[in-house]
Amino acid sequence: MNSYEHTFIAKQDLSESQFKKTIEKYENIINNNQGKIIKTENWGLRNLSYEIRKNKKGIYYHIKFEGLGETIQKLEENENIDESIIRFLTIKVKKIDLDTNYFTKKEDQNNGKKWNGIKEKTQKKETQIFQN
């Protein structure tokens, strides 16, 4: 089985119960078509870069799963028909990354140290200068 990452954007005017039904629908499609969901992430309501079908915002949902080509075909067929979905994208990956959370704040990833990366870079430069 191949590894995939799939993201879809739902309309912002969906109620919470409608959005949960949409999520369940697509998770069931994956599971019923020889797929296995590894991880799901609800990225929440976000601004779109440009207006899509008269929508300026959308609710993002990301699924990491393993499946076959048939799984992707069924998933995308249903998303093309569904009017509550604005956009979707499926990417085949070599290995599913379970560690990276793309929409967490930098402070959370560095254990509260906001400028951790800058400190490390300056320390490396200082040691290089003194070694030469």
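Which residues are buried in α2? The legends below, which describe a predicted model, take up that question after an overview of the chain.

**View 1. The whole chain, with its four helices and four strands.** Followed from the N terminus, the elements of this predicted model come in the order β-α-β-β-α-β-α-α. The chain has 132 residues, and 33% of them count as buried. Among the contacts between residues with a separation of 6 or more, 73% join residues that stand 24 or more positions apart in the chain. The chain exposes about 9700 Å², and 46% of this area is supplied by carbon and sulfur atoms.

**View 2. Helix α2 and its buried residues.** The answer to the opening question is that T71, I72, L75 and E79 are the residues buried in α2. Looking down the axis of α2, one finds its buried residues within an arc of 95 degrees, so they line one face of the helix. These buried residues of α2 pack against β1 (2–11), α1, β3 and β4. On the face turned away from the buried side, α2 carries the exposed residues E70, N80 and I81. The helix itself has 13 residues and reaches 19 Å from its first C-alpha to its last, which is close to the 18 Å expected at 1.5 Å a residue.

**View 3. A salt bridge within helix α1, between E16 and K20.** The structure holds four salt bridges, and in the one shown here the closest N and O atoms of E16 and K20 are 3.5 Å apart. The two residues are four residues apart in helix α1 (residues 16–32), so about one helical turn separates E16 from K20. E16 is exposed, with a relative accessible area of 60%, whereas K20, with a relative accessible area of 46%, is partly exposed.

**View 4. A salt bridge between helix α1 and a loop, formed by K25 and D82.** The closest N and O atoms of K25 and D82 are 3.7 Å apart in this salt bridge. Because K25 lies in helix α1 while D82 lies in the loop between α2 (69–81) and β4 (85–93), the pair ties together parts that are 57 residues apart in sequence. Are the two partners buried or exposed, or do they fall in between? K25 is partly exposed, with a relative accessible area of 36%, while D82 counts as buried at 15% relative accessibility.

**View 5. A salt bridge between strands β2 and β3, formed by E41 and K64.** Here the side chains of E41 and K64 meet in a salt bridge, with a distance of 3.8 Å from N to O. E41 belongs to strand β2 (residues 36–52) and K64 to strand β3 (residues 55–67), so this pair ties together parts that are 23 residues apart in sequence. E41 is buried, with a relative accessible area of 10%, and K64 also counts as buried, at 1% relative accessibility. The view can be widened to take in K39, since K39, E41 and K64 are linked in a network of salt bridges.

Definitions and conventions: Residues numbered from 1 in each chain as written. Predicted model: local features only at pLDDT ≥ 70, side-chain atom pairs only at ≥ 80, totals over all residues. Heavy atoms only, no water. Buried < 20%, exposed > 50% of the residue type's maximum accessible area, 1.4 Å probe, protein only. Contact = heavy atoms within 4.5 Å. Areas by Shrake-Rupley, 256 points an atom, 1.4 Å probe, with all protein chains shown as cover. Expected span 1.5 Å × (residues − 1). Arc of directions from axis to C-beta.
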